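User: I am new to this structure and would like to be guided through it by a series of questions. Please show it before we begin.

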Amino acid sequence: MPILHPKLLENEFWYSDILLVCDNLPNVERDQVDLTSTFSRNIILKTPFVSSPMDTVTEAPMAILMALIGGIGAIHYNLSPANQAQEIKRVKRYEAAFITDPIVLNPKNTVADVLAIGQKYGFYSIPVTEKGTLNSKLLGLVTHRDIRYFETDQEQALPLSKVMTPGDKLITAQKKDTLAKNDIRTANKIIREHNLDTLPIVNDKFELVALVTDSDLRKNDVFPLATKDKNKQLKVLGAIESRLELAKKRLPLIVEAGADGVIVDASVVFAEQLKIAKYVKQKCPHLEVILGNVDSGEMVTKILEIAAKHVDGLRVGIGPGGACITQEQLGIGRAQGSAIWECHQAANHWAKKHGYKIPLIADGGVKRPSDMVKALALGADTVMMGGLLAGLEESPGEPEFDEDAGHLIKKYRGMGSAEAMAQGGAVRYRVDDAAIKVIEGKVKRVGYKGSGYVYLPHFTAALKQSIHKLGFANIPVLQQQAHIVPNHL
């Protein structure tokens with residue numbers, strides 16, 4: 001356990017109220033620090049970053065970014081179940097070893113259809129089969145090179161049979177030599193030898209069964225820490241409501257889309273969340289189930305006593321978020337540093353008694369890298385971010401120019417704001433059926449920060465640098481040995 005100054009045990013404390021003391025002589029280089037941590041019982045992250053399931057924070061682009069840098073994202077539920085499933089599919093389609101559910105067209109589809117797919121999903125290599133489906137005879141392949149200069153309506157109306165590379169001129173690989181053996185190396189070798197963008201995998205009848213792409217090979221090289229499933233697809237979570245009947249309707253589409261887990265998203269763990277967790281585990285035992293939010297050790301213990309086998313992670317924090325006003329409005333919640341410390345104590349006590357620990361996610365109040373390292377030192381396993389990510393290019397919404405501020409801004413709103421509640425967020429606060437809705441969030445404008453692929457590596461480096469200066473090599477040692485003192489003692 002970390003060393004906590006006695007004075008901190010007497011008072012509630014926020015991140016700004018504490019500092020970490022350097023007691024050790026650093027003996028590893030900064031970039032040797034290992035940020036691997038446990039997000040949930042069965043998901044390990046190389047970078048302890050999680051994007052919040054807020055409607056101005058996480059849809060597919062943000063979830064892709066988070067997974068590529070070694071974290072994970074959760075798609076919010078202020079979307080219809082079908083639209084949320086589409087966002088999850090965009091993440092799962094972004095990268096794979098064998099793409100076993102590719103988008104397939106038929107010869108009568110047009111160039112415009114391919115362009116629309118490219119605009120929606122970001123790729124243009126589309127196989128063309130006899131029936132326009134998988135497990136149908138492969139007739140050809142259309143790539144971006146074939147259609148990139150087709151701009152007029154007449155050109156875009158051309159059927160794919162006129163522009164595709166015919167099947168008899170394609171280099172393909174046999175299912176029995178690749179997919180059947182789960183042998184991606186053979187497929188990758190063919191791609192490199194022939195400088196291919198896309199390699200169709202066919203069976204003995206020349207029916208399409210899968211694809212392998214060169215872009216996925218290059219993504220592996222550029223993002224070696226990426227959070228992936230067994231088929232090398234990026235991992236992603238879907239948020240579901242804390243009302244069982246609504247969760248039952250949303251869950252099948254999340255599962256069909258390929259999500260790796262669900263966050264039962266609410267402002268606090270309502271009793272019904274435990275029923276939902278049990279239902280999800282019974283129907284889909286492969287899904288990770290994250291509950292939240294909690295802010296006390298007693299609450300952690302009660303949840304685990306009732307539903308430990310159905311829970312894979314807990315979100316810690318009630319009211320500390322930058323767009324949350326729950327503490328001001330309702331007087332509920334506590335200082336985030338104290339919440340994490342106490343929940344960590346309870347989770348550790350449970351682990352000693354039962355032999356396994358439920359990971360904790362610090363949710364809210366993170367404004368800078370120093371807050372991240374403090375959250376981890378206090379016992380959080382990962383850090384969930386909202387406002388810190390809302391200004392990135394990858395968050396939902398377009399940047400706007402603020403004449404008063406003189407720079408670009410993006411909207412960031414709490415899920416308890418009137419706007420978000422009107423679009424589905426009221427369920428999160430269990431006031432969806434109430435005539436009077438007490439607002440627990442606000443709408444803000446945050447500065448536009450540009451691409452997260454440029455912005456977030458600075459946070460990763462700062463987090464490593466902090467742990468390095470403290471003389472630790474990884475997060476578990478930080479959690480065991482950190483010396484935490486009051487900031488103004």
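User: In which strand is N293 found?

Analyst: The model is a predicted one. N293 is joined to G292 by a cis peptide bond, with omega at about 5 degrees. As for its place in the chain, N293 belongs to strand 15 (residues 288-294).

User: In what order do the strands of the open sheet that contains strand 19, strand 20 and strand 21 stand?

Analyst: Strand 19 (residues 400-402) pairs with strand 20 (residues 407-413) in the antiparallel sense over 3 bridges. Strand 20 is also joined to strand 21 (residues 443-447), antiparallel, by 5 bridges. The 3 strands thus form an open antiparallel sheet, and their order is 19-20-21.

User: Which are the edge strands of that sheet, and what is the average twist from one strand to the next?

Analyst: Strand 19 and strand 21 are the edge strands, each pairing on one side only. From one strand to the next, the twist averages 55 degrees.

User: Which residue of strand 21 is the bridge partner of I409?

Analyst: Within strand 20, I409 is the bridge partner of E400, and H407 is the bridge partner of D402. I409 also has a bridge partner in strand 21, and that residue is G447.

User: Which residue takes a positive phi in the hairpin of strand 19 and strand 20?

Analyst: The two strands of this hairpin pair in the antiparallel sense. The hairpin has 4 residues between its strands. The positive phi, near 80 degrees, is taken by G406.

User: Why is one side of strand 1 and of strand 2 left without a neighbour in the sheet?

Analyst: Strand 1 and strand 2 belong to an open sheet of 3 strands with mixed pairing, in the order 1-22-2. Strand 1 (3-4) and strand 2 (18-21) stand at the edges of this sheet, so one side of each is left without a neighbour; the reason is that each has a single partner strand.

User: Which residue of strand 22 does L4 stand opposite?

Analyst: Strand 1 and strand 22 (residues 483-486) run parallel and are joined by 2 bridges. In strand 22, the residue opposite L4 is I484.

User: What angle does the direction of helix 14 make with that of strand 2?

Analyst: Helix 14 (residues 369-378) packs on the sheet. It touches strand 1, strand 2 and strand 22. Its direction and that of strand 2 make an angle of about 75 degrees.

User: How are helix 2 and helix 17 oriented to each other?

Analyst: Two packed helices are described by the angle between their axes and the distance between the axes. For helix 2 (residues 60-68) and helix 17 (residues 452-469), the axes are 11 Å apart and the packing angle is about 45 degrees. That angle makes helix 2, relative to helix 17, oblique.

User: What is the hand of this crossing, and how many nonpolar residues does the contact have?

Analyst: The crossing of helix 2 and helix 17 is right-handed. Helix 2 contributes I64, L65, M66 and L68 to the contact, while helix 17 contributes G452, Y453 and L456. By class, the contact has no charged residues and 1 polar residue, and the number of nonpolar residues is 6.

User: Is L138 buried or exposed?

Analyst: L138 lies in strand 8 (residues 138-142). Beyond its neighbours within four places in sequence, L138 has contacts that include P127, V128, L170, V202 and F206. Its relative accessible area is 2%, and values under 20% count as buried, so L138 is buried.

User: What separates the C-alpha atoms of L138 and V311?

Analyst: Along the chain, L138 and V311 are 173 residues apart. Their C-alpha atoms are separated by 45 Å.

User: Is N188 buried or exposed?

Analyst: N188 is placed in helix 7 (residues 184-194). Not counting residues up to four places away in sequence, N188 touches V212 and L217. Its relative accessibility is 12%, so N188 counts as buried.

User: Where does N135 lie, and what is its relative accessible area?

Analyst: N135 has a positive phi, near 60 degrees, in a residue other than glycine. It lies in the loop between strand 7 (126-129) and strand 8. N135 is partly exposed, and its relative accessible area is 49%.

User: In which loop is K232 placed?

Analyst: K232 is not a glycine, although its phi is positive at about 65 degrees. K232 is partly exposed, with a relative accessible area of 42%. Its place is in the loop between helix 8 (214-222) and strand 13 (237-240).

Note on methods
Residues numbered from 1 in each chain as written. Predicted model: local features only at pLDDT ≥ 70, side-chain atom pairs only at ≥ 80, totals over all residues. Heavy atoms only, no water. Axes fitted to C-alpha atoms, helices over the stretch in contact; angles between N-to-C directions. Parallel < 35°, antiparallel > 145°, perpendicular 65-115°, else oblique. Left-handed = near helix turned anticlockwise from the far one by under 90°. Contact = heavy atoms within 4.5 Å. Nonpolar A, V, L, I, M, F, W, Y, C, P; charged D, E, K, R; others polar. Buried < 20%, exposed > 50% of the residue type's maximum accessible area, 1.4 Å probe, protein only. Pairing = 2+ DSSP bridges.
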